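Hi,

Here is the structure I promised to send over. Have a look at it first, and then read on for my notes.

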Amino acid sequence: MRIGVVTDNYFPSVGGTEISIWNYAKKLRKQGHEVFIFCPSHGRKNPKKPHPGTVRLRSLRGIYPDHPIIFTYPGVTKLFAQYDLDILHSQTPVSAPYVAEYVARKLHIPHIHTLHTLVPEQVKRWKIGLVRFFNLFLMQSIILKNFKKPENYLLQDESVTMATKVRLSWIYLLRLVRIPDRVIFPSKHVKEIFAARGFKGKVSVLPTFSDMFEKNVKLDSKRPPNDHAVRFALVGRLDIEKRPQIVIDAMNLLPDYLDWRLIIIGDGSQRNKVQRLVNTYGLEERIIFKGRKKQAEIASELLDADALVMPSYRFDTQGVVLLEACGAGIPIVYCDDNLTVGVEESNSILTKPYAMSMSTAIQELIENPRLRKELGKASLEVAKKYRSEKLTKKLLRIYRQTIKDHQNTQSA
């Protein structure tokens, strides 16, 4: 099969979407399929070396420097046609679905879309000016002019309580998911969110896997032998929607006599703010910022950790780092009761979405090594449910069914 992936986000920018694309492309190629990734030509950093099967498209600067916007232009269909694709798979919600849909209709091939981001939850926390936001929404509305505004999409009391920009983003997203032939949601709870808002299109549920520890590669521990502190890892973007400051607040509430460390892996717009908070609390010796790391380095840090803490709430559709923690065999502290992939009662502690509740769970893990061991052992069992080969086979079934449905529609 010849598969075209269309995305606004790809390396050198790094996030859950980029890692998902890379992981699935790697497994599909290993099984003999050809995967071509159509992505922006530039971002904050120009790519220093091409990735396998990467096709760079013309792009414009987006809201975030790391996330440019691709667009249709004369010759773009001819560019895609060179690759004799069987299906197009868009992965980001800004411009990639429209480019993919435009090309798919021109080439008479099916188009599916994976919804990695709950845009309305992200928009709630945006600090960009209203003029800039409405310009973006206007541009998207022009593109979606042939798709009617969804009816009865608001839940109870939202007509009064929902902010205008969030309402507009729900309208946009519910129109967007009606464009492709099929939509893939990373988890069951996201599927239920859209069903509750009236979406009735063709849907599949497919999580992003993590094969970080599947090869059983032995990594050297970088932890000093005399370091007996209980280590917690916070892995992800340091952006407002990820709520990293909640973990800092939670750590500050711990009793002084406890011996712990927090290792923060990642970077983002809130890095300086989070670091100032650490300094304000006087926790510079206990909280260590490692910045952005390669996957092998993240794996090493997780193996050295005693637990993962994830403060994100009502934003993530899945949370790939949860499966990475499972692969490392460590327990998880999290606060979003919507999340289901990689977190079960056997391997994690679900808290309320505020600092005191998270602090209580963290203290319990520090003081109870037996509980850490039991939850960590259970994490290894949970990881087995999301093996890469199993999920890649499911993706291939989705592709084949979508191609078959499209051919039946074309011949009808």
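First, something to try on screen: is Leu-88 buried or exposed? Leu-88 is buried, and its relative accessible area comes out at 0%. Keep in mind that this is a predicted model, so everything below is computed from predicted coordinates.

Staying with Leu-88 for a moment: this residue belongs to strand E6. If you skip the neighbours within four places in sequence, the contacts of Leu-88 include Gly-4, Val-6, Phe-80, Ala-100 and Val-103. Ala-104, Ile-109, Pro-110, His-111 and Ile-112 are also in contact with Leu-88. Take His-111 from that list: the C-alpha atoms of Leu-88 and His-111 are 4.8 Å apart, with their positions 23 residues apart in sequence.

Now the overall numbers. The chain has 412 residues, and 55% of them count as buried. You will find 15 helices and 15 strands in the chain. Of the contacts between residues at least 6 apart in sequence, 70% connect residues at least 24 apart. The exposed area of the chain is about 19,700 Å², with 51% of it coming from carbon and sulfur atoms.

On to the rings. There are ten aromatic pairs by the centre-distance rule. One of them is Phe-36 with Tyr-83: the ring centres are 4.8 Å apart and the planes meet at 50 degrees, so this pair counts as tilted. Phe-36 is in strand E2 (residues 34-40), while Tyr-83 is in the loop between helix H2 (76-81) and strand E6 (87-90), so the pair ties together parts 47 residues apart in sequence. Why does Phe-36 count as buried? Because its relative accessibility is 12%, and the cut-off for buried is under 20%. Ring pairs also join Phe-36, Phe-38, Phe-80 and Tyr-83 into a cluster. You may recall Phe-80 from the contacts of Leu-88. Elsewhere, Arg-197 has its charged end over the ring of Trp-170, 4.1 Å from the ring centre.

Next, the strands around E8. Strand E7 (residues 111-114) runs parallel to E8, with three bridges joining them, and Thr-114 is opposite Ile-184 of E8. E8 also pairs in the parallel sense with strand E9 (residues 203-205), again over three bridges; there, Phe-185 has Val-205 as its bridge partner. Together with helix H8 (residues 188-196), E8 and E9 form a right-handed β-α-β unit. Side chains in a regular strand alternate between the two faces of the sheet. In E8 (residues 182-185), Arg-182 and Ile-184 point one way, Val-183 and Phe-185 point the other way, and all are buried.

The last stop is strand E10 (residues 230-235), where six of six residues are buried. Val-230, Phe-232 and Leu-234 point one way, with Arg-231, Ala-233 and Val-235 pointing the other. E10 runs parallel to strand E11 (residues 260-265), joined by six bridges, and Val-235 has Ile-265 as its partner in E11. Between these two strands the chain passes through helix H9 (residues 244-252), in a right-handed β-α-β crossover. E10 also pairs in the parallel sense with strand E13 (residues 307-310), over two bridges. Here the bridge partner of Ala-233 is Leu-308.

Cheers

Technical notes:
Residues numbered from 1 in each chain as written. Predicted model: local features only at pLDDT ≥ 70, side-chain atom pairs only at ≥ 80, totals over all residues. Heavy atoms only, no water. Helix = DSSP H or I, 4+ residues; strand = E, 2+ residues; numbered from the N terminus. Buried < 20%, exposed > 50% of the residue type's maximum accessible area, 1.4 Å probe, protein only. Contact = heavy atoms within 4.5 Å. Areas by Shrake-Rupley, 256 points an atom, 1.4 Å probe, with all protein chains shown as cover. Phe/Tyr/Trp six-rings, centres within 6.5 Å; stacked < 30°, edge-to-face > 60°. Lys NZ or Arg CZ within 6 Å of the ring centre and 35° of its normal. Pairing = 2+ DSSP bridges. Right-handed = clockwise from strand over helix to strand, strands pointing away.
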